[in-house]
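Trainee: I am new to this structure and should like to go through it with you step by step. May I put my questions one at a time?

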Amino acid sequence: MKLAIDGSLATYGDVAPLIGLDMALDADREEIARRLGDIVLFEHAQGRPMLTALVVHKGGDNNPGEGFFSAAEKISLFNGSRRDIDRLIFWVNQVTLVHNHWSSSRLS
């Protein structure tokens, strides 16, 4: 939540070691995707935006992975569009919602 409060992002590689995972290992990449999916479900059940929007690929595109969009579809927040612009708009909106939610909850 520190990322959310600070208005920051982190990479999968930043997050993985915090939970004992290594992004160089296929099994650990699958495990981080599973855990982030669980976080999406939990946050959604609490009525909060997608906290996992703050976790992105390192370098290159700096966008979230496919699991982010799949999880958003599961909770009916995203329509499954494959268009880059639709995905970008959805992701940016989620990042903004997360930062706004957690920065305002810190003030309360």
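Trainee: In which helix is Glu43 found?

Mentor: The model discussed here is a predicted one. In it, Glu43 belongs to a helix that covers residues 26-45. That helix is α3.

Trainee: Is Glu43 buried or exposed?

Mentor: Burial requires a relative accessible area under 20%. The relative accessibility of Glu43 is 5%, so Glu43 counts as buried.

Trainee: Which side chain is joined to that of Glu43 by a polar contact?

Mentor: Leaving aside neighbours within four places in sequence, Glu43 is in contact with Arg48, Pro49, Leu51 and Trp102. A polar contact of 2.7 Å joins the side chain of Glu43 to that of one of these residues, Arg48.

Trainee: Where is Arg48 found, and is Arg48 buried, partly exposed or exposed?

Mentor: Arg48 lies in the loop that runs between α3 and β2 (55-56). Beyond its neighbours within four places in sequence, Arg48 is in contact with Phe42, Glu43, His101 and Trp102. Its relative accessibility is 23%, so Arg48 counts as partly exposed.

Trainee: How far apart in space are Arg48 and Glu30?

Mentor: Along the sequence, 18 residues separate Arg48 from Glu30. From C-alpha to C-alpha, the distance in space is 24 Å.

Trainee: Asp28 is also found in helix α3. Is Asp28 buried or exposed?

Mentor: Apart from neighbours within four places in sequence, Asp28 is in contact with Gly20, Leu21 and Asp22. The C-alpha atoms of Asp28 and Ala16, 12 residues apart along the chain, are separated by 8.1 Å. With a relative accessible area of 16%, Asp28 is buried.

Trainee: Let us turn to α4. Why do the buried residues of α4 line one face of the helix?

Mentor: The buried residues in α4 are Phe68, Phe69, Ala71 and Ala72. Seen down the axis of α4, the buried residues lie within an arc of limited width, so they line one face of the helix; that arc is 160°.

Trainee: Which residue with a positive phi follows α4?

Mentor: The residue in question is found in the loop between α4 and α5. Its relative accessible area is 64%, so this residue is exposed. Its phi is near 60°, a positive value in a residue other than glycine. The residue that follows α4 in this way is Ser76.

Trainee: How many aromatic pairs are there?

Mentor: Rings pair if their centres lie within 6.5 Å. By this rule, the aromatic pairs number five.

Trainee: Why is the pair of Phe68 and Phe69 edge-to-face?

Mentor: A pair of aromatic rings is described by the distance of the centres and the angle of the planes. Planes over 60 degrees apart count as edge-to-face. The ring centres of Phe68 and Phe69 are 5.1 Å apart and the planes stand at 80°, so the pair is edge-to-face.

Trainee: What is the pair formed by Phe69 and Phe78?

Mentor: Both Phe69 and Phe78 are buried. Their ring centres are 5.4 Å apart and their planes lie at 50°, so the pair is tilted.

Trainee: Which residues do ring pairs link into a cluster, and which residue has its charged end over the ring of Phe69?

Mentor: Ring pairs link Phe68, Phe69, Phe78 and Phe90 into a cluster. Over the ring of Phe69, 4.4 Å from its centre, sits the charged end of Arg87.

Trainee: Which element gives the most to the largest nonpolar core?

Mentor: This core has 18 residues, of which Met50, Phe68, Phe90 and Trp91 touch the most other members. At least two residues of the core come from each of α4 (66-74) and α5 (84-107). The element that gives the most, with five residues, is α5.

Trainee: How many residues are in the second, separate core?

Mentor: Among the members of this second core are Tyr12, Val15, Ala16 and Val55. The number of residues in this core is eight.

Trainee: Lastly, which backbone nitrogen lies 3.1 Å from a polar atom of the side chain of Gln94?

Mentor: Gln94 is found in helix α5. With a relative accessible area of 6%, Gln94 is buried. Leaving aside neighbours within four places in sequence, Gln94 is in contact with Pro49, Met50, Ala53, Phe68 and Leu77. The backbone nitrogen at 3.1 Å from the side chain's polar atom is that of Met50.

Technical notes: Residues are numbered from 1 along each chain as its sequence is written. This is a predicted model: local features need pLDDT of at least 70, side-chain atom pairs count only at pLDDT 80 or more; totals for chains, interfaces and linings use all residues. Side-chain values use heavy atoms; hydrogens and water are left out. Rings of Phe, Tyr and Trp (its six-membered ring) pair if their centres lie within 6.5 Å; planes under 30 degrees apart count as stacked, over 60 as edge-to-face and the rest as tilted. Buried means under 20% relative accessible area, exposed over 50%, partly exposed in between (1.4 Å probe, protein chains only). A charge sits over a ring if NZ of Lys or CZ of Arg is within 6 Å of the ring centre and within 35 degrees of the ring normal. A nonpolar core is a set of buried Ala, Val, Leu, Ile, Met, Phe, Trp, Tyr and Cys residues joined through side-chain atoms within 4.5 Å. Helices (H or I, at least four residues) and strands (E, at least two) are DSSP runs, numbered from the N terminus. A polar contact is a pair of N or O atoms within 3.5 Å; within protein, one must be able to donate a hydrogen and the other to accept it, and residues adjacent in sequence count only if both atoms are side-chain atoms. Contact means heavy atoms within 4.5 Å. The arc is that of the directions from the helix axis to the C-beta atoms.
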